[in-house]
There are 2 protein chains.
Amino acid sequence: MYYYRMQAASASTVSQDQRRPGRRPGDSGTRDAVLAAAQRQFAELGYDRTTMRSVAAEAGVDQKLVGYFFGSKQRLFVAATTLPFDAAAALPAILGGDPAALGERVARFVVGILEDADAGSRIIGLIRAAAAEPEAARMVRDLLTRELWARGAELLRADQPELRISLVASELIGLIMARYVIGAEPLASLSPEAVVAAIAPALQRLLAGPAPGRLDKTP
Amino acid sequence: MYYYRMQAASASTVSQDQRRPGRRPGDSGTRDAVLAAAQRQFAELGYDRTTMRSVAAEAGVDQKLVGYFFGSKQRLFVAATTLPFDAAAALPAILGGDPAALGERVARFVVGILEDADAGSRIIGLIRAAAAEPEAARMVRDLLTRELWARGAELLRADQPELRISLVASELIGLIMARYVIGAEPLASLSPEAVVAAIAPALQRLLAGPAPGRLDKTP
């Protein structure tokens, strides 16, 4: 709260600055105050009840300034959202270890995150935001590339690691959309353990199987 | 155009009716006129340039009536969108035939649709709309269940056909999001033929392999 008040004081000056055309409004402190307010509101009120207006009010800045910095609610959400786990710490443990259980480890970790109310809604929110508009999609791609995909490709000991990781991403984004967003049955009603069992073999094949892109006819 | 004008004439009466509280505004003819206008505009102007207002104007009805019938632009889009292929005709050919090439046939068909500018944007638009709000997600789920998933499960000669089909749906929705919406690389830059080769083995396993949900450790 101290931080918010401090920023609110400096932000009112900035808001006046905006009236001068051609001058870039705000400073990184103001932007940070908006982000901090957005983070708190998205977490506590949820996506639907958080608005550009309510975030601006909490940060003590003009609503137009939030629009200037972030363009849309979706982009503000993506900018304010971090992954609900420490990828730098988690990935080596998941992608290292017994190669025969790679797919199962990835499946178990991801399903664990998605089934957690808090962590799951953050990840599902990112994917929904990406679907809303191209600029939010680009931001989500940058976030996932930086945090997960580039690190994953570096850690994976197999040929074509980047392609494998992007296919794993495709698989997992499909799970998020089909089970948690669209609700495709019976996938949407499976127990978490059954989901792990259902997706682990495909992940295992993508991560440790033959090079992706070879058309073989054996199931 | 004849249809539109005819509906527009009857719709203006309906719009007046709406002022009487408690009375259900419109009839199925008005609803159809709005849908026809939406279909034309989404196809010709694209999603972003089509608005509830522009559809109402073309259908000759009050914008509030469009809101009354469809609630949001996403829901109007889903209601106005049909699959860009005849599923009843296509599915038997794809899911029948040589079981050893099931995955490849599904992959080739789906990638063909998605790479077609017109057909692809309709399918991708449906998935994006589903991500936008729960009610649109429900409509997309109903459409896909009715047109594709129920039919697919009936045609598939394997145990647990519904679960297999929902996992195939998950896989393909992931492809749509990762390649066409989020742009995960290198998947997003693969040639269509390389995408077919990359996803066919997983589809083959889901459609004709061991029962999904069994954790085996062989890739």
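Where in chain A is the place of Gln160(A)? In this predicted model, Gln160(A) is found in the loop that runs between α9 and α10 of chain A. The phi angle of Gln160(A) is near 50°, a positive value in a residue that is not glycine. Gln160(A) has 16 other C-beta atoms within 10 Å, and therefore ranks as partly exposed. The corresponding description holds in chain B, where Gln160(B) is placed in the loop between α9 (134-155) and α10. A positive phi of about 50° is found for Gln160(B), although this residue is not a glycine. With 16 other C-beta atoms within 10 Å, Gln160(B) is likewise partly exposed.

The loop between α9 (134-155) and α10 (161-182) of chain A also holds Leu156(A). Is Leu156(A) buried or exposed? Leu156(A) counts as buried, because 21 C-beta neighbours lie inside 10 Å and the threshold for burial is 20 or more. When residues up to four places away in sequence are set aside, Leu156(A) is in contact with Leu95(A), Pro161(A), Arg164(A), Ile165(A) and Leu207(A). Phe85(A) stands 71 residues from Leu156(A) along the chain, and the C-alpha atoms of the two are separated by 19 Å.

The fold of chain A comprises 11 helices and 0 strands, which gives the pattern α-α-α-α-α-α-α-α-α-α-α along the sequence. Chain A has 219 residues, of which 43% count as buried. Among its contacts between residues at least 6 apart in sequence, 67% join residues at least 24 apart.

The relation between the two chains was examined by superposition. Chain A is brought onto chain B by a rotation of 180° with 0.0 Å of shift along the axis, at an RMSD of 0.0 Å. The two copies are thus related as by a two-fold rotation axis. Which residue of chain A comes closest to the rotation axis? That residue is Gly174(A), whose C-alpha lies at 1.6 Å from the axis.

The contact between the chains takes 49 residues from chain A and 49 residues from chain B. On the side of chain A that touches chain B, at least two residues are supplied by each of α8 (117-132), α9, α10 and α11 (192-208). The largest share of this side, 15 residues, comes from α10(A). Classified by residue type, the side of chain A that touches chain B has 31 nonpolar, 7 polar and 11 charged residues. Of the interface residues of chain A, 100% are also interface residues in chain B, so the copies meet through the same surface.

The largest nonpolar core has 126 residues, and within it Met177(A) and Met177(B) touch the most other members. Apart from neighbours within four places in sequence, Met177(B) is in contact with Ile127(A), Ala131(A), Ile173(A), Gly174(A) and Met177(A), as well as with Ile127(B) and Ile182(B). Gly174(A), the residue of chain A that comes closest to the rotation axis, is thus one of the contacts of Met177(B). In soluble globular proteins, nonpolar side chains tend to be buried together.

Two helices of chain B were considered in detail. Helix α8 of chain B (residues 117-132) has 16 residues, which should span 22 Å at 1.5 Å a residue; its end C-alpha atoms are 22 Å apart, in agreement with that expectation. The buried residues of α8(B) include Ile123(B), Leu126(B), Ile127(B) and Arg128(B), together with Ala129(B), Ala130(B), Ala131(B) and Ala132(B). These buried residues pack against α8 and α10 of chain A, and against α5 (73-80), α7 (102-115), α9 and α10 of chain B.

Helix α11 of chain B (residues 192-208) has 17 residues and reaches 23 Å from its first C-alpha to its last, close to the 24 Å expected at 1.5 Å a residue. A kink of about 35° lies at Ala200(B) in α11(B), shortly before the proline Pro201(B). α11(B) is mostly covered, with 13 of its 17 residues buried.

Cis peptide bonds are found in both chains. In chain A, such a bond joins Glu185(A) and Pro186(A), with omega at about 5°; Pro186(A) lies in the loop between α10 and α11 of chain A. In chain B, the peptide bond from Glu185(B) to Pro186(B) is cis, with omega near 5°, and Pro186(B) lies in the loop between α10 (161-182) and α11 of chain B.

Notes
Residues are numbered from 1 along each chain as its sequence is written. Chains are lettered from A and ligands numbered from 1 in the order in which they are written. This is a predicted model: local features need pLDDT of at least 70, side-chain atom pairs count only at pLDDT 80 or more; totals for chains, interfaces and linings use all residues. Copies are superposed by least squares on the C-alpha atoms of residues with pLDDT of at least 70 in both. Two residues are in contact if their C-beta atoms, placed from the backbone, lie within 7 Å. Helices (H or I, at least four residues) and strands (E, at least two) are DSSP runs, numbered from the N terminus. A residue is buried if 20 or more other C-beta atoms lie within 10 Å of its own, exposed if 12 or fewer, and partly exposed in between; C-beta atoms are placed from the backbone. Ala, Val, Leu, Ile, Met, Phe, Trp, Tyr, Cys and Pro count as nonpolar, Asp, Glu, Lys and Arg as charged, and the others, Gly among them, as polar. The expected span of a helix is 1.5 Å times one less than its number of residues. The bend at a residue is the angle between axes fitted to the seven residues ending there and the seven starting there. A nonpolar core is a set of buried Ala, Val, Leu, Ile, Met, Phe, Trp, Tyr and Cys residues joined through C-beta atoms within 7 Å.
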